[in-house]
Amino acid sequence: MPDFAFAKPALPKAGALVLLIAEGEAPWAAADSASGGGIARALKAAEFTGKKGQSCTILAPAMPGGTVSRVVAVGLGKTGELTRLGAEEAGGTAAALLAREPHATVAAQGLTPGLAAAAATGMALRAWRFDRYRTTEKDSEKPRLAKVTMLTEDVAAARAAHTPMAAVADGVFLTRELVAEPPNVLNPAELAERCRRLEALGVKVEIFGPKELKKLGFGALLGVAQGSANEPRMVVMHWNGAGARAGRGHKDAPAPLAFIGKGVTFDSGGISIKPAAGMEDMKWDMGGAGTVVGLMAALAGRRAKVDAVGLVGLVENMPSGTAQRPSDVVRTASGQTVEVINTDAEGRLVLADVIWYCQNRFAPRFMIDLATLTGAIIVALGHDYAGIFSNDDTLAKQIQDAGEATGEKLWRMPLAETYDKQLKSDIADMKNVGGRPGGAITAAQFIQRFVNGKTWAHLDIAGTAWSSKDAPCVPKGATAFGVRLLDRLVADHYEK
Ligand code: BES
Ligand code: MN
Ligand code: ZN
């Protein structure tokens, strides 16, 4: 990650210069006059007007007295309409245009300190890259942005605004890394160990192995895990940031918020095995868990004034002689039995046990689960919106609003008795699939059977956890969808 510094406006002598320009406005006068009006002329020739998303690169501008290597102009859109997300995206767009520049100076002095900090955050979000397994790439091929200087009139305020944003970005990076890791490295035990590292941020971490899970009666989760040579885990992470007075244990302590993630480190489908083409994508079937871990890191990293628990159910879904069979009946922690018709509908089995445990142990204020749960949600919504299902209109609206604010958007999907009927089994309390029609909805209905009257939302992120194309603040690959969204939800409504 580049280093971010904040400084009073002064023309850089070298490196790249980023100009963030509102629609219809002139470029930074000091830079333009140093170039003898060349920057303004170049932007005019390129028909750059400062529209949102527009950009223009000027290589080696003639600026006597220095060796500025490039000017990157990025449009902010209309003054007065610039949001935090807009500033982040402008920063991200700029970062992508910096090629192999080691140092960039960003003329952000026209922005409020908060928006300047957001632009810096967007640059970091876009510049991130997972390099652990590239051993032959030459240094001359690697991006090398090492330092960014943000120009602002109020250095102290911009720096203060940037600190918590950088903590959230670190949470995003943790999630992206976990999701990008290959499944031979990141099996359930290893993912649990990565959770353990959050202790350094003040998070309390508990890890449950197969013995403990058996004692808790997690028959559904264990049924999924039984085909794999890699043992399952459940991890419970606690962040107690509400403060001593209102803290947990106190009689007036508010109940914690609960976040629950599906963590299938590889989903082969099990005995109901998936087709070979595209199966490699199923390494990111732990995306929900990855998001919960990154969110806990974000909340702890910015010392959020809230009590939150994060629970992840970690398994690998494999076919083998010990694997569960279609037609097996498993007993969940809730006591309800499930006929496993399709071993590829495994995520809901994992979530059923973890959700039941979560509400009984913590009586949380709400539960939000995240899961790469169904291909059907991709058929319904594509890759631009995740599906949200909820038994509470207020919570659903809060989450959707946070989605609009962070660009992690959600579309509300229905829950209804009639869909629930599709889960009827001839031998057990329910079956684990409801047939093709409304596949994402029947999956949500299945999960709801393990929600015992608690306020709850289910986010089906199968279409949004990974992206095949770059976005301004999200390089293609693991998106960490949900980290910024839920961090914002907490900040806007649950920290007081
Ligand atoms: N992990 C998959 C869902 C998925 C599919 C995520 C494609 C991302 C991309 C899930 O475990 C699964 O296999 N779901 C099945 C359910 C079906 C058997 C009822 C599906 O969607 O096909
Ligand atoms: Mn599956
Ligand atoms: Zn799955």
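**Figure 1. Ser327 in the loop between β10 and β11.** Ser327 is found in the loop that links β10 to β11. The model shown here and in the following views is predicted. Although Ser327 is not a glycine, its phi is positive, at about 100 degrees. The strand that follows this loop, β11 (328–331), is an edge strand that pairs on one side only.

**Figure 2. The three-stranded sheet β11-β12-β16.** This open sheet is formed by 3 strands in the order β11-β12-β16, and its pairing is mixed. Its edge strands are β11 (328–331) and β16 (430–431), each of which pairs on one side only. Strand β12 (residues 337–340) runs parallel to β16, and 2 bridges connect them. Within this pair, Val338 has Met430 of β16 as its bridge partner.

**Figure 3. The eight-stranded sheet and its edges.** An open sheet of 8 strands follows the order β7-β8-β10-β9-β13-β17-β14-β15, with mixed pairing. At its edges stand β7 (204–208) and β15 (410–412); each has a single partner strand, so one side of each is left without a neighbour in the sheet. On average, and with direction ignored, neighbouring strands of this sheet are turned by 20 degrees against each other. Strands of a sheet pair through backbone hydrogen bonds, in either a parallel or an antiparallel manner.

**Figure 4. The β13–β17 pair and the helix α12.** Strand β13 (residues 366–371) and strand β17 (residues 456–460) run parallel and are joined by 5 bridges. Asp369 has His458 of β17 as its bridge partner. Helix α12 lies across β13, β14 (386–390), β15 and β17. Relative to β15, α12 runs at about 155 degrees. The helix, spanning 393–406, also supplies at least two residues of the lining of the largest cavity.

**Figure 5. Surroundings of Arg303.** Arg303 is placed in the loop between α9 (287–301) and β10 (307–317). When residues up to four places away in sequence are not counted, Arg303 touches Leu201 and Trp239. The C-alpha atom of Arg303 is separated by 25 Å from that of Gly92, and the two residues are 211 residues apart along the chain.

**Figure 6. The two domains and their contact.** The domain assignment of the protein gives domain 1 (3–153) and domain 2 (167–493). Their C-alpha centres lie 37 Å apart. Domain 1 gives 15 residues to the contact, and domain 2 gives 22 residues.

**Figure 7. The largest cavity, between the domains.** A search of the whole structure for cavities of 30 Å³ or more finds 1. The largest cavity holds about 120 Å³ of space. Domain 1 (3–153) and domain 2 (167–493) both give residues to its lining, so the cavity lies between them. The lining consists of Arg84, Leu85, Glu88, Thr121, Met165, Val168, Ala169, Ala405, Thr406, Arg484, Asp487 and Arg488. At least two of the lining residues come from each of α3 (84–96), α5 (155–180), α12 (393–406) and α15 (483–493). By class, 5 residues of the lining are nonpolar, 2 are polar and 5 are charged.

**Figure 8. The second largest pocket.** The volume of the second largest pocket is about 680 Å³. Its lining comprises 26 residues, and those that lie nearest its centre are Ala127, Trp128, Arg129, Phe130 and Pro143. Two or more lining residues come from each of α3, α4 (113–127), α5 and β19 (477–478). The lining contains 17 nonpolar residues, 1 polar residue and 8 charged residues. Each of domain 1 (3–153) and domain 2 (167–493) contributes at least three residues to this lining.

**Figure 9. Ala480 in the loop between β19 and α15.** Ala480 is found in the loop that runs between β19 and α15. Its phi is positive, at about 65 degrees, although Ala480 is not a glycine. Of the two elements that flank this loop, β19 (477–478) gives two or more residues to the lining of the second largest pocket, and α15 (483–493) supplies at least two residues of the lining of the largest cavity.

Terms used. Residues numbered from 1 in each chain as written. Chains lettered and ligands numbered in written order. Predicted model: local features only at pLDDT ≥ 70, side-chain atom pairs only at ≥ 80, totals over all residues. Heavy atoms only, no water. 1 Å grid on protein atoms, 1.4 Å probe; cavity = no way out; pocket = protein on both sides within 12 Å on 5 of 7 lines; lining within 4 Å. Points joined across faces, edges and corners; volume = space filled by probe spheres on them. Helix = DSSP H or I, 4+ residues; strand = E, 2+ residues; numbered from the N terminus. Nonpolar A, V, L, I, M, F, W, Y, C, P; charged D, E, K, R; others polar. Domains from an automatic or database assignment. Pairing = 2+ DSSP bridges. Axes fitted to C-alpha atoms, helices over the stretch in contact; angles between N-to-C directions. Contact = heavy atoms within 4.5 Å.
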